[in-house]
Amino acid sequence: MKRSRKVLLTLITVIILAVVGVFAWFFLHVFEGERPEVIVEPLPEFLSKGHRFTLEAEDAKGGLRSLRVSIDQAGREVTVVEKTFPYKGLFNSNGVHRHEVAFEIDPLSLNLAQGRAELKVEVFDHSRRGGGDGNRSLLTHSLTVDTMAPAIRALTRLHYINQGGSCLAVYQTSSDTEKSGVLVGGRLFPGFPSDDKDASGRYTCYFAVPHDMDADPPILLWAEDRAGNQTRTSFYHRIRSKRFRKDRMNITDGFLDRILPYFSFFPFSGRKTPIEKYLAINNELRRQNHQALETLQAESGPKRLWDGPWMRLPNAATMARFADHRVYYYQGEPVDEKDHMGIDLASLANSQVPAANRGRVLLAERLGIYGQAVVLDHGQRLMSLYGHLSSIQVSEGQEVKRGEMLGTTGSTGLAGGDHLHFAVLVNGVPVNPIEWWDPHWIEDNISKKLSILAEP
Ligand SMILES: [Zn+2]
């Protein structure tokens, strides 16, 4: 008797504990207090045209009940996306429930006003807490609605550009402009703001029509504001097409014997004969050198350093012109062709080389096919290059005046004899230096235009 009562008591205790346990488990699941987690990406500062977002929400136990994305502008709330999710049942509710929702916010179709707005993301889970609404998580993010494109207009009126030549445009932008410049066939030449307070919003921009570009590429003013709105505007311009000369270059064994030792630093992997090595230099190394110049132009400063016509190597004869199309012959056969992207000037051997204009030394060392070279920055993406030098007298970072000696002419690199390879680059694009040596061209195409900056 005593024994059976003991067994019964134990049984009742076990049943009570089990019931309490089940209730506790049920209560903790159904009334759980863990909030769902929510992440939205990206969280931009500005909202311009239709932006895409992704929302990731996560909830343990009961899972997500609903989510709502809205935009609030001074109390006016617009729903962007609203979703509800079914309850998976008590016994499927363990683990983590994840939801990913992609949505777009288009200020125009949602009829949002320009200015401040609050992005709100509200999610609820399936808990019975909060009077049955569930646990709530709220994410808010302040942003600015801006769908207005910046304004840009040319202040200079005439823009005559020679194929392979340079041009200057002065333009005015609205104050929200962050980036601007001139697009030539899709390539951007950046403009630089005037630091004169009376000329605020006015920019100078040097641009070029590459010598090998299709006839009449589209040339447009371009601006982008902080919100990413862009404007493209046409402005008056005329391109004068040019014919460039052809030149025959005979490569002799004597020439190869003389120049190849200089290029011992170049990995000729697999190339055995002198002409094979030469072709590797004329193609691969040339390409690397032009890439290096492209990289270098990003270091050009925002201020104009130069003034007046540019200096040419004194008492020098022109040996090769800008954009000469050279066909290279070896043992009577054409083996390569390239365009000559500068002007070759020859004077007495080891002549002093003056800086063409005021600038800052960006490079003063070996530059592949150009041998010992100096590159000057004249500001606002205008650079000059001096190649094949026998000695360099300046160092990187040094400021030089117009006419200051940079080094002496020579025949280092890919050079047939003592001469200076002189090049002018606009935003990394080689242009015809003849324009920059011509005081009339400078007066008409640069100086007169720059005076607009000073106008009221
Ligand atoms: Zn040259």
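# Reading strands, cores and domains

Trainee: How many bridges join strand β7 to strand β8, and which way do they run?

Mentor: Strands of a sheet pair through backbone hydrogen bonds, either parallel or antiparallel. Here, ten bridges join β7 (residues 115-125) to β8 (residues 136-145), and the two run antiparallel. Glycine 115 stands opposite valine 145 in β8. Keep in mind that this is a predicted model.

Trainee: Which sheet order includes β8 and β7?

Mentor: Read the order across the sheet, not along the chain. The order is β2-β8-β7-β4-β5, an open sheet of five strands with mixed pairing. Then look for the edges. They are β2 (46-47) and β5 (76-84), each pairing on one side only.

Trainee: What lies in the loop between β7 and β8?

Mentor: Glycine 132 is one residue there. To judge its burial, count C-beta neighbours. A residue with 12 or fewer inside 10 Å is exposed. Glycine 132 has 7, so it counts as exposed. Check distant parts of the chain too. Phenylalanine 31 is 101 residues away from glycine 132 along the chain, yet their C-alpha atoms are separated by 8.9 Å.

Trainee: Now the domains. Into which domains is the chain divided?

Mentor: Domain 1 covers 30-145, domain 2 covers 152-241 and domain 3 covers 246-432. Next, take the distance between centres. For domain 1 and domain 3 that is 60 Å, taken over C-alpha atoms.

Trainee: How do I read the overall form? What does the C-alpha trace span along its principal axes?

Mentor: About 130 × 65 × 40 Å. For the make-up, count the elements: five helices and 31 strands. Then compare the radius of gyration with the globule rule. The chain has 35 Å, well over the 23 Å that the rule gives for 456 residues, so it is more spread out than a compact globule. As for burial, 33% of the 456 residues count as buried.

Trainee: How much of the contact set comes from residues 24 or more positions apart?

Mentor: Such pairs account for 68% of the contacts with a separation of 6 or more.

Trainee: Next, the cores. Which residues touch the most other members of the largest nonpolar core?

Mentor: A core is a linked set of buried nonpolar residues, so look for the members with the most links. In this core of 68 residues they are Phe207 and Val374. Then ask which domains contribute. Domain 2 (152-241) and domain 3 (246-432) each supply at least three residues to this core. Apart from it lies another core, of 15 residues, including Ala57, Leu67, Phe124 and Val145.

Trainee: What is phenylalanine 207 in contact with, beyond its neighbours within four places in sequence?

Mentor: Its contacts are Cys167, Ala169, Val182, Val184, Phe189 and Val426.

Trainee: And the strand of Val374? Which way do the residues of β26 point?

Mentor: Side chains alternate along this strand, so split them into two sets. Gln372, Val374 and Leu376 point one way, Ala373, Val375 and Asp377 the other way, and all are buried. With six of six residues buried, β26 (residues 372-377) is largely enclosed by the rest of the structure.

Trainee: Which strands are joined to β26?

Mentor: Take the two partners in turn. Six bridges join β25 (residues 359-366) to β26, running antiparallel. Arginine 366 stands opposite glutamine 372 in β26. Their hairpin has five residues between the strands, and glycine 368 takes a positive phi near 50 degrees. The other partner is β27 (residues 382-392), joined to β26 by five bridges, also antiparallel. Valine 375 stands opposite leucine 385 in β27. That hairpin has four residues between the strands, and glycine 379 takes a positive phi near 90 degrees.

Trainee: How many residues of β11 are buried?

Mentor: Seven of its eight, so β11 is largely enclosed by the rest of the structure. Now add its pairing. Strand β9 (residues 152-154) and β11 pair in the antiparallel sense over three bridges. Alanine 154 stands opposite tyrosine 171 in β11. Seven bridges join β11 to β15 (residues 202-208), again antiparallel. Valine 170 has threonine 204 in β15 as its bridge partner.

Trainee: Last, a helix. Which residues of α5 are buried?

Mentor: In α5 (residues 439-450), they are Asn445, Ile446 and Lys449. Now look down the axis. The buried residues fall within an arc of 75 degrees, so they line one face of the helix. The face turned away carries the exposed residues Pro439 and His440. Then find the cover. What covers the buried residues of α5 includes β11 (166-173).

Conventions. Residues numbered from 1 in each chain as written. Predicted model: local features only at pLDDT ≥ 70, side-chain atom pairs only at ≥ 80, totals over all residues. Domains from an automatic or database assignment. Buried ≥ 20, exposed ≤ 12 C-beta atoms within 10 Å, placed from the backbone. Pairing = 2+ DSSP bridges. Arc of directions from axis to C-beta. Contact = placed C-beta atoms within 7 Å. Rg over C-alpha atoms; globule rule 2.2 N^0.38 Å. Core = buried A, V, L, I, M, F, W, Y, C linked by C-beta atoms within 7 Å.
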